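Q: Please take a close look at the aromatic pairs of this protein chain. How many are there by the ring-pairing rule, and where do they lie?

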Amino acid sequence: MTTALRHLLWRIKPDPARQAPIRYVQCRNCEEKSPTAAAQAEGDLWAMNHAGRTGHRGYREFAASDLIATPVRDPR
């Protein structure tokens with residue numbers, strides 16, 4: 001019996017069945033987080049309100065999107 005192996009090329013791309021990316025903002029001073037939302041503006045507004053209440057100025061934005069890996073059928 002002979003076994004043939006072949007190397008597959010893969011591609012990663014946004015999942016067509018995905019939901020919108022999710023985002024949140026986290027304060028770098030106290031690590032409090034905004035609610036998770038799809039729109040960037042919601043995290044920005046939370047950060048501005050938090051800055052006004054606390055005087056904290058440093059923030060980090062986190063975003064996550066669903067991806068899917070698929071084999072490339074014909075690499076030529």
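A: The account below turns first to the aromatic pairs and then to the chain around them.

The model is predicted, so local features need pLDDT of at least 70 and side-chain atom pairs count only at pLDDT 80 or more, whereas totals for chains, interfaces and linings use all residues. Residues are numbered from 1 along each chain as its sequence is written, and side-chain values use heavy atoms, with hydrogens and water left out.

Rings of Phe, Tyr and Trp (its six-membered ring) pair if their centres lie within 6.5 Å; planes under 30 degrees apart count as stacked, over 60 as edge-to-face and the rest as tilted. By this rule there are 2 aromatic pairs. One of them joins Y24 and F62, which count as stacked because their ring centres are 4.9 Å apart and their planes stand at 15°. This pair links distant parts of the chain, with Y24 in strand β2 (residues 22-27) and F62 in strand β3 (residues 59-64), 38 residues apart. Helices (H or I, at least four residues) and strands (E, at least two) are DSSP runs, numbered from the N terminus.

Burial is graded by relative accessible area: under 20% is buried, over 50% exposed, and in between partly exposed (1.4 Å probe, protein chains only). Y24 is partly exposed because its relative accessibility is 23%, and F62 is partly exposed at 30%.

The pair of W46 and Y59 is edge-to-face, because the ring centres are 6.2 Å apart and the planes are at 90°. W46 belongs to helix α1 (residues 40-54) and Y59 to strand β3, so this pair ties together parts that are 13 residues apart in sequence. With a relative accessible area of 13%, W46 is buried.

These elements belong to a chain with 1 helix and 4 strands, in the order β-β-α-β-β from the N terminus. The C-alpha trace spans about 70 × 20 × 20 Å along its principal axes. The radius of gyration of the chain, taken over C-alpha atoms, is 21 Å, whereas a compact globule of 76 residues would have one near 11 Å (the globule rule is 2.2 Å times the number of residues to the power 0.38). Of the 76 residues in the chain, 14% are buried. Contact means heavy atoms within 4.5 Å; among contacts between residues at least 6 apart in sequence, 58% join residues at least 24 apart.
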